[in-house]
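Work through these short exercises with the structure in view. Try each task before you read its solution.

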Amino acid sequence: LCIAMAFVVPLILVDVVLETEGSGTAAIAPLLVTCGVVYMALTAATITDKCCRVPALINAISFGPGTDQLRQQVVDYVVSSGAGFYVFSMRLTTVIILKFAYGWSVVAVGIVTKV
């Protein structure tokens with residue numbers, strides 16, 4: 001997913017910068033693909049962020065008297081399982097996606113303004 005984003009964004013920038021003729025309609029298709037990839041990445045990151053809150057939810061539920069130890073074991077299992085989406089053994093969170101987007105936006109501004 002990140003590799004696709006890493007290759008699509010520069011291709012769009014090169015296409016937009018090098019296209020001197022026309023109205024820039026050739027960049028519409030890659031731009032739509034990029035928007036789709038970014039949407040998928042943000043959705044996956046949102047699911048990972050929601051998985052981080054599951055242990056607190058389980059811990060807040062009361063299953064009756066005498067089940068505290070079993071509930072704690074379930075919470076420990078959920079925490080140690082590390083549910084969520086991973087890319088190259090790195091947990092995909094909203095913070096990582098936003099940092100990635102920020103980095104590419106800096107590169108895009110630099111290329112478009114030809115600094």
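Helices (H or I, at least four residues) and strands (E, at least two) are DSSP runs, numbered from the N terminus. The model is predicted: local features need pLDDT of at least 70, side-chain atom pairs count only at pLDDT 80 or more, and totals for chains, interfaces and linings use all residues. Residues are numbered from 1 along each chain as its sequence is written, and side-chain values use heavy atoms, with hydrogens and water left out.

**Exercise 1. Place Arg71**

Task: In which helix does Arg71 lie, and is Arg71 buried or exposed?

Solution:
- Step 1. Find the helix. Arg71 belongs to helix H4, which covers residues 68-81.
- Step 2. Recall the cut-offs. Buried means under 20% relative accessible area, exposed means over 50%, and partly exposed lies in between (1.4 Å probe, protein chains only).
- Step 3. Apply them. Arg71 has a relative accessible area of 16%, so Arg71 is buried.
- Step 4. List the neighbours. Leaving aside residues up to four places away in sequence, Arg71 touches Ile58, Asn59, Ile61, Ser62 and Phe63. Contact here means heavy atoms within 4.5 Å.

**Exercise 2. Find the salt bridge**

Task: Which side chains meet in a salt bridge?

Solution:
- Step 1. State the rule. A side-chain nitrogen of Lys or Arg must be within 4 Å of a carboxyl oxygen of Asp or Glu.
- Step 2. Count. The rule gives 1 salt bridge.
- Step 3. Name the pair. Asp68 and Arg71 meet at 3.1 Å, N to O.
- Step 4. Locate both. They lie in helix H4, 3 residues apart, about one turn of the helix.
- Step 5. Check Asp68. Its relative accessible area is 48%, so Asp68 is partly exposed.

**Exercise 3. Place Thr46**

Task: Where does Thr46 lie, and how far is its C-alpha atom from that of Gly84?

Solution:
- Step 1. Thr46 sits in helix H2, residues 28-51.
- Step 2. Its relative accessible area is 35%, so Thr46 is partly exposed.
- Step 3. Thr46 and Gly84 are 38 residues apart along the chain, and their C-alpha atoms are separated by 9.2 Å.

**Exercise 4. Describe the whole chain**

Task: How many helices and strands does the protein chain have, and what pattern do they follow?

Solution:
- Step 1. Count 5 helices and 2 strands.
- Step 2. Read along the sequence: α-α-α-α-β-β-α.
- Step 3. Add burial. The protein chain has 115 residues, and 21% of them count as buried.
- Step 4. Add contacts. Among those between residues at least 6 apart in sequence, 63% join residues at least 24 apart.
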